[in-house]
Amino acid sequence: MINPDPETPICSAKGCRAPAAWVLAWNNPKIHTPERRKTWLACEEHREHLAQFLGVRGFLKDVVRFEEWEAPEGA
Ligand SMILES: [Zn+2]
């Protein structure tokens, strides 16, 4: 399956091709410096699932609407 529009960000959930509606910012303190932010994208359906996955590990830092998300400089 080829994404018809490579500019359209899609959900990070496994097998999901839905457009991203949310950005989940996270950090794994074992491998990342504290200010580092990794991001996952989530559709409406998978936001809770992905947030819970990160949350139980203590990695989740922020959940932001995709249109309100601004990537840090240089990311
Ligand atoms: Zn999804």
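These exercises with worked solutions go through a predicted model of a protein chain with a zinc ion.

Residues are numbered from 1 along each chain as its sequence is written. Because the model is predicted, local features need pLDDT of at least 70 and side-chain atom pairs count only at pLDDT 80 or more, while totals for chains, interfaces and linings use all residues; side-chain values use heavy atoms, with hydrogens and water left out.

**Exercise 1. State which elements the protein chain has and in what order they run.**

Step 1. The protein chain has one helix and three strands. Helices (H or I, at least four residues) and strands (E, at least two) are DSSP runs, numbered from the N terminus.

Step 2. Read from the N terminus on, the order is β-β-α-β.

**Exercise 2. Describe how the strands are arranged in the sheet.**

Step 1. The three strands make an open sheet, ordered β2-β1-β3, with antiparallel pairing. Two strands pair if DSSP finds at least two bridges between them.

Step 2. β2 and β3 (60-65) are the edge strands, since each pairs on one side only.

Step 3. On average, neighbouring strands of this sheet are turned by 20° against each other, direction ignored. The axes are lines fitted to C-alpha atoms, for helices over the stretch in contact, and angles run from 0 to 180 degrees between N-to-C directions.

Step 4. Five bridges join β1 and β2 in the antiparallel sense. V23 is placed opposite L41 in β2.

**Exercise 3. Find the donors of the zinc ion and name the geometry of the site.**

Step 1. The protein donors are C11 (SG), C16 (SG), C43 (SG) and H46 (ND1), at 2.0 to 2.3 Å from the zinc ion. Donors are N, O and S atoms within 2.8 Å of the metal (3.2 Å for Na, K and Ca); water is not among the atoms, so sites may look incomplete.

Step 2. The angles among the four donor atoms are 101 to 116°, and the site is tetrahedral. Four donors count as tetrahedral if all angles lie between 85 and 135 degrees.

Step 3. Along the sequence, the donor residues follow the spacing C-x4-C-x26-C-x2-H. C11 lies in the segment before β1 (22-26) and H46 in the loop between β2 (38-42) and α1 (47-56), so this pair ties together parts that are 35 residues apart in sequence.

**Exercise 4. Decide whether H46, C43 and H32 are buried or exposed, and list what they touch.**

Step 1. Buried means under 20% relative accessible area, exposed over 50%, partly exposed in between (1.4 Å probe, protein chains only). Contact means heavy atoms within 4.5 Å.

Step 2. H46 has a relative accessible area of 18% and is therefore buried. Not counting residues up to four places away in sequence, H46 touches C11, A13 and C16.

Step 3. C43, also in the loop between β2 and α1, is buried because its relative accessible area is 5%. Outside its neighbours within four places in sequence, the contacts of C43 include C11, C16, A18 and W22. C43 and A20 are 23 residues apart in sequence, and their C-alpha atoms are 4.5 Å apart.

Step 4. H32 sits in the loop between β1 and β2. Its relative accessibility is 12%, so H32 counts as buried. With neighbours within four places in sequence left aside, H32 is in contact with W26, N27 and K38.

**Exercise 5. Give the share of buried residues in the protein chain.**

Solution. Of the 75 residues in the protein chain, 29% are buried.

Notes. Tetrahedral: all angles 85-135°; square planar, octahedral: opposite > 155°, others 65-115°.
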